[in-house]
Amino acid sequence: MRVIAVMNQKGGVGKTTTAANLSHGLALEGRRVLAIDLDPQGHLAASFGVHGAEQGLDAVLRGEADLDVVRIKVREGVDLVPPGPRLNEVDGLTEGGVARGWLLHNTLAQLDDEDFVIVDCPPSSGLLGMNALLGAEELLIPVSGDYLALVGLSKLMALLKRLEAKTGRETRKWILITRFQERRRHAQEVREKIRAYFPGQVLGTPVREAVALTESPSFGKTIFEYRPNSRSADEYRALAVDLMNGWAC
Ligand SMILES: Nc1ncnc2c1ncn2[C@@H]1O[C@H](COP(=O)(O)OP(=O)(O)OP(=O)(O)O)[C@@H](O)[C@H]1O
Ligand SMILES: [Mg+2]
């Protein structure tokens with residue numbers, strides 16, 4: 001089982017879009033996927049058409065429900081764990097000491113039927129982010145192809161290094177360029193820089209800016225349902241295959 005957290009403190013870079021479409025893409029390649037919505041906003045759940053679930057990950061992390069009770073089958077091969085209405089309370093937990101950071105890790109240790117667990121992180125580095133970091137062996141970091149994103153990425157990588165030195169746990173990191181605008185020279189330059197700074201960690205297929213990716217969640221559909229023949233569907237399909245094979249450049 002591979003646990004991959006889709007993480008970046010920067011908001012709106014395509015974490016949820018990637019978590020949803022990658023989860024479905026992996027399932028379409030025959031893998032069994034558990035998609036976890038670690039963001040109290042619940043956008044991953046909404047992307048699969050799930051709204052207002054009464055309980056979810058909040059209850060599991062608080063020890064009030066089993067994962068098996070709150071998981072919902074959303075597609076062939078994909079189960080979803082919605083955040084539940086009280087996940088932001090977990091983010092603010094003050095009791096529990098160091099163990100608070102390991103709640104997700106301990107929950108995932110009970111699983112054995114999944115090939116992939118994809119965790120959609122919130123755009124913050126609080127306790128929920130810490131749970132993702134301690135629960136995942138791999139981090140998928142979407143970055144948009146502009147200069148400030150590059151600055152943010154360098155800071156994030158440095159922060160992760162420090163945290164990992166503290167916790168003694170290392171993660172494999174995958175960088176995914178999202179919202180890529182290939183016609184802009186600036187975007188090309190930033191892509192080259194990211195590849196030069198982080199060799200061997202950048203996934204080969206960037207996800208281009210595309211209206212279909214913005215529209216599909218409003219229908220509760222993934223790109224494979226909304227526009228199966230689009231370039232975006234091809235990109236997320238290629239991304240799923242690259243991740244399955246462990247390919248980066
Ligand atoms: N490749 C893309 N092309 C066009 N629009 C995109 C693309 N990727 C994401 N978007 C849109 O950008 C917005 C932000 O994307 P998304 O919600 O996936 O980002 P996020 O990193 O999860 O945001 P947050 O930090 O708020 O959780 C959404 O409206 C989404 O539909
Ligand atoms: Mg999101």
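Analyst: Let's start with a yardstick: buried means under 20% relative accessible area, exposed over 50%, and partly exposed in between, with a 1.4 Å probe and protein chains only. This is a predicted model, where local features need pLDDT of at least 70, side-chain atom pairs count only at pLDDT 80 or more, and totals for chains, interfaces and linings use all residues. Residues are numbered from 1 along each chain as its sequence is written, chains are lettered from A and ligands numbered from 1 in the order in which they are written, and side-chain values use heavy atoms, leaving out hydrogens and water.

User: Why is Asn131 called buried?

Analyst: Its relative accessibility is 0%, and buried means under 20%, so Asn131 counts as buried.

User: Thanks! What is Asn131 in contact with, leaving aside neighbours within four places in sequence?

Analyst: Taking contact as heavy atoms within 4.5 Å, the partners are Arg100, Gly101, Trp102, Leu103 and Leu104.

User: And why is Arg179 called partly exposed?

Analyst: Arg179 has 40% relative accessibility, which lies between the 20% and 50% cut-offs, so the label is partly exposed.

User: What makes the phi of Arg179 worth a look?

Analyst: Arg179 has a positive phi of about 50° although it is not a glycine. Most residues other than glycine have a negative phi.

User: Which residues come nearest to ligand 1?

Analyst: Lys15, Thr16, Thr17, Arg179 and Ala210, of the 17 residues around ligand 1; a residue is near if one of its heavy atoms lies within 4 Å.
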